Amino acid sequence: MPADPAVTASGADPLVFVRYLDIILVVLAAPFVILLGAPVLGYLVAAFAWIVQRVAGVTIERRAERSGDMRTSLGLNMASLVLRAWLIGLTILAVGLIAEREDGLTAGITVLAAFTVYFATSLITRPLERKSPRP
């Protein structure tokens, strides 16, 4: 969601790589997980859940931006935040209980790494998305 109207009109987002770096790293980590002999089931489940919750988050954020009502926007964003956190938490718990404990640990580590990258890139990109400069 770039702030520059010219960028929005052209459809090109110069920060697209940074904005989705967490998803890129989760996907690129697959060969290393396999080569290191880590539990693949835990990794795959966590990677799938992470990507699904990120797509859902982007979709809900865009819907919230389109709504003209501040309450609706805030409600959608808060509900999204809580539901996405529960989705990830329950996914890690389920894979740890259904499969081996090591799968749950791998899922937790995968999500922790993805969240760390997501959080860091959000800190970088959010200030660049502001539409109006502060006085």
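**View 1. How confident the predictor is across the protein.** This is a predicted model, and the mean pLDDT of the protein is 86. Of its residues, 87% reach 70 or more. Confidence peaks in helix α3 (residues 21-28), with a mean of 95. At the other end of the scale sits helix α1 (residues 5-10), where the mean is lowest, at 49.

**View 2. A closer look at residues 1-8.** Over this stretch the pLDDT is below 50. Even so, if you skip near neighbours in sequence, residues 1-8 have 17 contacts in the model. Part of helix α1 falls in here, and that helix has the lowest confidence in the protein.

**View 3. The second largest pocket.** This pocket has a volume of about 410 Å³. Three helices each give two or more residues to its lining: α5 (40-66), α6 (70-98) and α7 (101-129). Helix α6 gives the most, with seven residues. In all, 17 residues line the pocket. If you want to find the middle, look for Glu61, Leu81, Arg84, Tyr118 and Arg126, which lie nearest the centre. As for the kinds of residue around the pocket, the lining splits into nine nonpolar, five polar and three charged.

**View 4. The largest cavity.** Search the whole structure for cavities of 30 Å³ or more and you find one. The volume of this largest cavity is about 140 Å³. Its lining is made up of 14 residues, and those nearest the centre are Arg19, Arg54, Glu61, Tyr118 and Arg126. Helices α5 and α7 are the elements that give two or more residues to this lining. The largest share comes from α7, which puts in six residues. Sorted by class, the cavity lining has six charged residues, along with four nonpolar and four polar ones.

**View 5. Residues to spot in both linings.** Glu61, Tyr118 and Arg126 are among the residues nearest the centre of the second largest pocket. Now turn to the largest cavity: Glu61, Tyr118 and Arg126 are again among the residues nearest the centre.

**View 6. Thr125 and its surroundings.** You'll find Thr125 in helix α7. Thr125 counts as buried because its relative accessible area is 4%, and the cut-off is under 20%. What does Thr125 touch, once neighbours within four places in sequence are left aside? The contacts are with Leu15, Val18 and Arg19. One of these, Arg19, also shows up in View 4, among the residues nearest the centre of the largest cavity.

Key:
Residues are numbered from 1 along each chain as its sequence is written. This is a predicted model: local features need pLDDT of at least 70, side-chain atom pairs count only at pLDDT 80 or more; totals for chains, interfaces and linings use all residues. Side-chain values use heavy atoms; hydrogens and water are left out. On a 1 Å grid over the protein atoms alone, a cavity is a set of points where a 1.4 Å probe fits but cannot get out, and a pocket is an open set with protein on both sides within 12 Å along at least five of seven lines; lining residues have an atom within 4 Å of a point. Grid points are joined across faces, edges and corners, and a volume is the space filled by probe spheres set on the points. Helices (H or I, at least four residues) and strands (E, at least two) are DSSP runs, numbered from the N terminus. Ala, Val, Leu, Ile, Met, Phe, Trp, Tyr, Cys and Pro count as nonpolar, Asp, Glu, Lys and Arg as charged, and the others, Gly among them, as polar. pLDDT is the predictor's confidence in each residue, from 0 to 100. Contact means heavy atoms within 4.5 Å. Buried means under 20% relative accessible area, exposed over 50%, partly exposed in between (1.4 Å probe, protein chains only).
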